[in-house]
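The following exercises concern helix packing and pocket lining in a predicted model. Each task is followed by a solution in steps.

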Amino acid sequence: MPKVTDDYKEKRRREILDVAEKVFCEKGFGSTTMTDIVNETEFSRGGVYKYFASTDEMFQAIMDDRDKKFSAYFNQLASDYETIWQALCYYLDEFEGNLKSLKSEFGIVQSEYFIMSSRYKERGPFLQLRVDRNMKVLEDFLQIGVDTGEFKPIQPLEAIVLFLSNITDGLYLNTHMVGYERAHIIEQFKGLKMYLTQALGVQN
């Protein structure tokens, strides 16, 4: 029997996750079954279960991959701009633009999963791990500005990052519920930048 290479396994894993993400977006996480995903793939039921035992495993694998991209994104931003403040403003402007066009339908699936996860204690370790690692990405990003003297924060970076994350997550949900204009997204982001300017102690 020919040996299955790691590259082959990773390719098949990725193909399954791409299908799973598509089905999650179409049906929502809670309404998606393993059968739904198997039926959309070119694999047998056993072929899918060889890689993933549940929709939870699939979702968490998708989030792991997305979080790696999140970390790489901020590392790249830090390299692309002369100042961390410029890089942060680019991120906020890009986020605002995505809200205007609502490009990330998977974001709603994420929100559904995390909101409903309070009912499932077994998800707790993953959720805490994910919060911790993404908060660290943002804290490390802002810390660069502190180390270079660009920022002189008047609040702990952890508190600033939590506020930033809570606001952007809330604006994402609000935009989906009432629309970009009624959510006053432009004004909300102006307010967020004013807060960050003060909280980070941006040095002009």
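**Exercise 1. Describe how H6 packs against H7, and assign the contact residues to classes.**

Step 1. The axes of H6 and H7 come within 11 Å, and the crossing angle is roughly 125 degrees.

Step 2. Angles from 65 to 115 degrees count as roughly perpendicular and those over 145 as roughly antiparallel. The angle found in Step 1 therefore makes H6 oblique to H7.

Step 3. The handedness of the H6 and H7 crossing is left-handed.

Step 4. On the H6 side, the contact is made by Gln110, Tyr113 and Phe114. On the H7 side, Phe126, Leu127 and Arg130 take part.

Step 5. Sorted by class, the contact of H6 with H7 comprises four nonpolar residues, one polar and one charged.

**Exercise 2. Determine the packing geometry of H4 and H5, and state which residues meet.**

Step 1. Helix H4 spans residues 55–80 and helix H5 spans residues 84–101. Their axes lie 8 Å apart, at an angle of about 130 degrees.

Step 2. H4 and H5 are therefore oblique to each other.

Step 3. The crossing in which H4 passes H5 is right-handed.

Step 4. H4 contributes Tyr73, Phe74, Leu77 and Ala78 to the contact. These meet Ile84, Ala87, Tyr90, Tyr91 and Glu94 in H5.

Step 5. The contact of H4 with H5 holds eight nonpolar residues, one charged residue and no polar residues.

**Exercise 3. Give the geometry and the residues of the contact between H5 and H7.**

Step 1. The axes of H5 and H7 come within 9 Å and cross at roughly 150 degrees.

Step 2. From H5, the residues involved are Ile84, Ala87 and Leu88. Their counterparts in H7 are Phe141, Leu142, Ile144 and Gly145.

Step 3. By class, the contact of H5 with H7 has six nonpolar residues, one polar residue and no charged residues.

Step 4. Ile84 and Ala87 of H5 meet residues of H7, and Ile84 and Ala87 also belong to the H5 side of the contact with H4.

**Exercise 4. Characterise the largest pocket by its volume, its lining and the elements that supply the lining.**

Step 1. The volume of the largest pocket is about 1,400 Å³.

Step 2. Its lining consists of 39 residues. Nearest the centre of the pocket lie Phe70, Phe95, Gln110, Arg130 and Asp169.

Step 3. Two or more lining residues come from each of H1 (6–27), H4, H5, H6 (106–116), H7 (124–147) and H8 (157–178).

Step 4. The most is given by H4, with nine residues.

Step 5. The lining divides into 19 nonpolar, nine polar and eleven charged residues.

Step 6. Gln110 and Arg130, listed in Step 2, also take part in the contact of H6 with H7.

**Exercise 5. State how many helices and strands the protein has, and give its extent.**

Step 1. The protein has nine helices and zero strands.

Step 2. The C-alpha atoms fill a box of roughly 65 × 40 × 30 Å along the principal axes.

How values were computed
Residues numbered from 1 in each chain as written. Predicted model: local features only at pLDDT ≥ 70, side-chain atom pairs only at ≥ 80, totals over all residues. Heavy atoms only, no water. Axes fitted to C-alpha atoms, helices over the stretch in contact; angles between N-to-C directions. Helix = DSSP H or I, 4+ residues; strand = E, 2+ residues; numbered from the N terminus. Parallel < 35°, antiparallel > 145°, perpendicular 65-115°, else oblique. Left-handed = near helix turned anticlockwise from the far one by under 90°. Contact = heavy atoms within 4.5 Å. Nonpolar A, V, L, I, M, F, W, Y, C, P; charged D, E, K, R; others polar. 1 Å grid on protein atoms, 1.4 Å probe; cavity = no way out; pocket = protein on both sides within 12 Å on 5 of 7 lines; lining within 4 Å. Points joined across faces, edges and corners; volume = space filled by probe spheres on them.
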